[in-house]
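Please keep the viewer open and follow the stops below in order. Each stop says what to select and what is there.

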Amino acid sequence: MKGAAGLLARYAEDRVAAAALALFALLALAALAAPWLAPQNPYDLAQLDILDARLPPGSAAGATELVYRLGTDAQGRDMLSAMLYGLRISLAVGFAATAGGLALGLLVGLSSALAGGRVDALIMRAADLQLAFPAILLALILLAALGPGPGKIVAALVAAQWAYYARAVRGVALVEREKDYIAAVRLLGLSGPRILFRHLLPNCLPALIVVATLQVGAAIALEATLSFLGVGLPVTEPSLGLLIANGFQYLLSGKYWISVFPGLLLLGLILAINLVAERLRVLLNPRLQGV
Amino acid sequence: MAWYALARLLQALAVLAVMSLLVFAGVYALGNPVDLLVDPNAGAADYARRVAALGLDQPLWVQYARFVVGLLHGDLGNSFVHGTPALHLIFERMPATLEVSFAALMMALASGVPLGLVAGFKPQSWIGRAIRALSVLGFSLPTFWVGLMFIMLFAVELGWLPAGGRGPTEHVLGIDLSITTLEGWRHLLLPAVNLALFKISLLIRLTAASTQEILRQDYIRFARAKGLHPVRIVGLHVLKNALVPIVTVLGLEFGSLVAFAVVTESVFAWPGMGKLLIDSITLLDRPVVVAYLLVVVLLFVSINFIVDLLYGLLDPRVRLGGAQA
């Protein structure tokens, strides 16, 4: 590996993956800049005009200069603005859940690999048990007990996904543990935590980046699904999933834009993330090198 | 084999015991159990009577024992909304869920495996690339949104298929099924395809990966050297070995289809136990939620147990070294 620049150059050899990364960067920027990009603040009720409800794309607002490029929803909210803010929430929840899951998974996975023996067997048995149970059901039940809210959905996603990280971390750590450089630093008499964080952890990271990237996409999709089912985020903080759910009842009467546009945005986001993850998997896996 | 089966059975029972403890902890320890189990509209006298009737004045271990006894008698309380035993409601809706999940599994197998074989056999050709691109797309499509798009396209725009519901069912061997009638299929098609999409992608990837792995093996090179027809090589030698990992995940994938049916059933108003779960969560019908959870856990544990047994039958290595597997 020749550093970050070399890696990026090799990454860009795959044009589809390069386009996916560009799309993701664009969406992330749009989400960050949503308050400045959005034509209106979709959650400031004073800016909404109920007379403009359910207007098709391209309609002009009744009272202001605004043009609703992607139409309006049932409250007369500009869809483009709602989607930009929704994207912001979806990305924030996805990344927070991944960071939390990764932290917990690292802690559990590394301890499990280092401890070995019965502790290791017990922890991995628990992880297996959880992996056998679908993430969506676990998150659904947790949220049913906890109630809706951004913090709660992040907690539910972490609870549903930590086992993936823990297993991946443990698998990599078990391989790394046996290598000579770990034996060398052990002989040097370095402390356990120092070996763990300075030597073992950095070498486990490449494999984890792939898992984490995939899980960001999975977390965003799961959050959208839970919000669609009505147990995820509250209506005051609609993510893309909730926007799609809001348009469901109008779909049958041909008002397609309320559900279709947020769905396309969600698809674009998850697709971009999955394509990036796919490329990283090939790049960072030594077994697939040169394929 | 008997010892292996017995060990697996004990393991399954241990998992069930642990899960019953977790569900107990979830329902009884989180929040106020009285609020969870007594109708919120009940009066103060009724409230006190129910506290005593539920044994909530007893120590925790007595409560758990009662919960388990109720569980073993199949008594999980009555639904607040329907007033009938919660377990009965679940079993009533179960065939609809199992039917759509099974149909989705068959569709995923019938399309995912052949596509995966082609993608694995010709990874560099345009068709191999197209199939792989399709599988990445399938992984990224939000299931519930695709369901909405299906309804919009096939029900609203084209008017070919109904937008939701299960349609008429036929009583076959004591179970209501819709796969026996054309009208039933018209209702089943969209939900089943919707549910299958994600698994098709999964099976394509799984089959393609193992096909590529198998093609590198010596026995395939030998078969080629022997001059066997490529169709025979793929159809017999590759397929047979590629099926091993698929059979391994099949049970769990069926379980995950049952779980994901929650989403598809909500979109298509399919009257299965997944839709019942969502309705019960919305209406705070806690006994039904608990019953659903326990039934699904039992289903998962049974599936795992059966898969383990089949695996032991198929692969002697598992059986012989099974003690620590």
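**Chain B as a whole**

Begin by selecting chain B, which has 13 helices and two strands. The model is a predicted one. Of the 325 residues in chain B, 44% count as buried. Take the contacts in chain B between residues at least 6 apart in sequence: 71% of them join residues at least 24 apart.

**Helix H1 of chain B**

Select Leu10(B), in helix H1 (residues 2–29) of chain B. Is Leu10(B) buried or exposed? Leu10(B) has a relative accessible area of 55%, so it counts as exposed. Now add Phe305(B): 295 residues separate Leu10(B) and Phe305(B) in sequence, while the C-alpha to C-alpha distance is 9.9 Å.

**Helix H8 of chain B**

Move to helix H8 (residues 182–215) of chain B and pick Asn194(B). Asn194(B) has a relative accessibility of 2% and is therefore buried. Which residues does Asn194(B) touch, not counting residues up to four places away in sequence? They are Thr143(B), Val146(B), Gly147(B), Phe150(B), Thr264(B) and Phe268(B).

Ser201(B) is also to be found in helix H8 of chain B. Ser201(B) is buried, at 3% relative accessible area. Leaving out residues up to four places away in sequence, Ser201(B) touches Leu134(B), Ser135(B), Gly138(B) and Phe139(B).

**Helix H7 of chain B**

Phe150(B), one of the residues touched by Asn194(B), leads to the next stop. Select Phe150(B) together with Phe154(B): both lie in helix H7 (residues 143–157) of chain B, four residues apart, about one turn of the helix. Over all chains, the structure holds six aromatic pairs. In the pair of Phe150(B) and Phe154(B), the ring centres are 5.9 Å apart and the planes stand at 70°, so the pair is edge-to-face. Phe150(B) is buried, with a relative accessible area of 15%, whereas Phe154(B), at 21%, counts as partly exposed. The cut-off for buried is under 20%.

**From H7(B) across to chain A**

Keep H7(B) shown and add H10(A). The two helices pack at an angle of about 20°, with their axes 11 Å apart. That angle makes H10(A) roughly parallel to H7(B). The crossing of H10(A) with H7(B) is left-handed. To see the contact, select Gly241(A), Ile244(A), Phe248(A) and Leu251(A) on H10(A), then Phe144(B), Trp145(B), Leu148(B), Ile151(B), Met152(B) and Val156(B) on H7(B). By class, the contact of H10(A) with H7(B) has nine nonpolar residues, one polar and no charged.

Next, show the side chains of Phe228(A), Phe248(A) and Phe144(B), which form one aromatic cluster.

**H10 and H11 of chain A**

For the last stop, stay with helix H10 (residues 240–251) of chain A and add helix H11 (residues 257–284) of chain A. How do the axes of H10(A) and H11(A) cross, and what distance do they come within? They come within 7 Å and cross at roughly 150°. That makes H10(A) roughly antiparallel to H11(A). The crossing of H10(A) and H11(A) is left-handed.

On the H10(A) side, select Leu240(A), Leu243(A), Ile244(A), Asn246(A), Gly247(A), Phe248(A), Tyr250(A) and Leu251(A); they meet Ile258(A), Ser259(A), Pro262(A), Gly263(A), Leu265(A) and Leu266(A) in H11(A). The contact of H10(A) with H11(A) divides into ten nonpolar, four polar and no charged residues.

Conventions
Residues numbered from 1 in each chain as written. Chains lettered and ligands numbered in written order. Predicted model: local features only at pLDDT ≥ 70, side-chain atom pairs only at ≥ 80, totals over all residues. Heavy atoms only, no water. Axes fitted to C-alpha atoms, helices over the stretch in contact; angles between N-to-C directions. Parallel < 35°, antiparallel > 145°, perpendicular 65-115°, else oblique. Left-handed = near helix turned anticlockwise from the far one by under 90°. Contact = heavy atoms within 4.5 Å. Nonpolar A, V, L, I, M, F, W, Y, C, P; charged D, E, K, R; others polar. Phe/Tyr/Trp six-rings, centres within 6.5 Å; stacked < 30°, edge-to-face > 60°. Buried < 20%, exposed > 50% of the residue type's maximum accessible area, 1.4 Å probe, protein only.
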